[in-house]
Amino acid sequence: MTKRSITVRLEDGLDARPVALLVQEASKYESNIYFEVDDKRINAKSIMGMMSLGLCAGEELTVAAEGADEQTAVDNIEKFLSGQVA
């Protein structure tokens, strides 16, 4: 399992469009991917779950991935949340 704390650096945070793109990014990977915020653990491939987080720019979360491509998944999700092209 790979885990990493990441700060959201998207200007508008995770509103509808960025969440949809993030779910698409997470869905590219075979690994199980979860976002952990406070006491919530959300499947990163679930658009409804991700919308429930309501994360804003500057907030911190933990990404946890487990599977064959976990390292690549976490690396690219971090790039996405940092405002870089994944």
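Reader: Let's start inside the sheet. In S4, what is the bridge partner of Ile 33?

Author: In this predicted model, Ile 33 has Ala 65 in S4 as its bridge partner. The two strands involved, S2 and S4, pair in the antiparallel sense over five bridges.

Reader: And on the S1 side, which residues of S4 stand opposite Lys 3 and Thr 7?

Author: Lys 3 stands opposite Ala 64, while Thr 7 has Glu 60 as its bridge partner. These belong to the pairing of S1 with S4, which is antiparallel and runs over six bridges.

Reader: How should I read side chains along strands like these, and is S4 itself enclosed or open?

Author: The general idea first: in a regular strand, side chains alternate between the two faces of the sheet. As for S4, five of its seven residues are buried, so this strand is largely enclosed by the rest of the structure.

Reader: What is the order of the strands in the sheet?

Author: The order is S1-S4-S2-S3, in an open sheet of four strands with antiparallel pairing. S1 and S3 are the edge strands, each pairing on one side only. From one strand to the next, the twist averages 25°.

Reader: Let's turn to S3. How many bridges does it share with S2?

Author: S2 and S3, the latter covering residues 40-43, pair over four bridges in the antiparallel sense. Within that pairing, Phe 35 stands opposite Ile 42 in S3. The two strands form a hairpin with two residues between them.

Reader: What should I look for in the turn, at Asp 38?

Author: Look at the backbone angle. Most residues other than glycine have a negative phi. Asp 38, in the loop between S2 and S3, has a positive phi of about 55° although it is not a glycine.

Reader: Is Asp 38 buried or exposed?

Author: Exposed: the cut-off is over 50%, and Asp 38 has a relative accessibility of 80%.

Reader: Now the helix H3. How do I check its length against what is expected?

Author: Compare its span with the rise for each residue. H3 covers residues 70-81, which makes 12 residues, and reaches 16 Å from its first C-alpha to its last, close to the 16 Å expected at 1.5 Å a residue. Just after H3, Gly 83 takes a positive phi of about 85°.

Reader: Which residues of H3 are buried, and what do they pack against?

Author: A general point helps here: an α-helix has 3.6 residues a turn, so residues three or four places apart point the same way. In H3 the buried residues are Glu 70, Ala 73, Val 74, Asn 76, Ile 77, Phe 80 and Leu 81. They pack against strands S1, S2 and S4 and against helix H1. H3 lies across those three strands, running at about 5° to S1.

Reader: How do H1 and H3 pack together?

Author: Their axes are 10 Å apart, at an angle of about 165°. The two helices are therefore roughly antiparallel to each other, and H1 passes H3 in a right-handed crossing. On the H1 side, Pro 18, Leu 21, Leu 22, Glu 25 and Ala 26 meet Asn 76, Ile 77, Phe 80 and Leu 81 of H3.

Reader: One last stop: where is Asp 69 found, and which residues is it in contact with, leaving aside its neighbours within four places in sequence?

Author: Asp 69 is in the loop between S4 and H3. With those neighbours left aside, Asp 69 is in contact with Tyr 29, Glu 30 and Ser 31. The C-alpha atoms of Asp 69 and Glu 30 are separated by 6.5 Å, although these residues are 39 residues apart along the chain.

Conventions: Residues numbered from 1 in each chain as written. Predicted model: local features only at pLDDT ≥ 70, side-chain atom pairs only at ≥ 80, totals over all residues. Heavy atoms only, no water. Expected span 1.5 Å × (residues − 1). Buried < 20%, exposed > 50% of the residue type's maximum accessible area, 1.4 Å probe, protein only. Contact = heavy atoms within 4.5 Å. Pairing = 2+ DSSP bridges. Axes fitted to C-alpha atoms, helices over the stretch in contact; angles between N-to-C directions. Parallel < 35°, antiparallel > 145°, perpendicular 65-115°, else oblique. Left-handed = near helix turned anticlockwise from the far one by under 90°.
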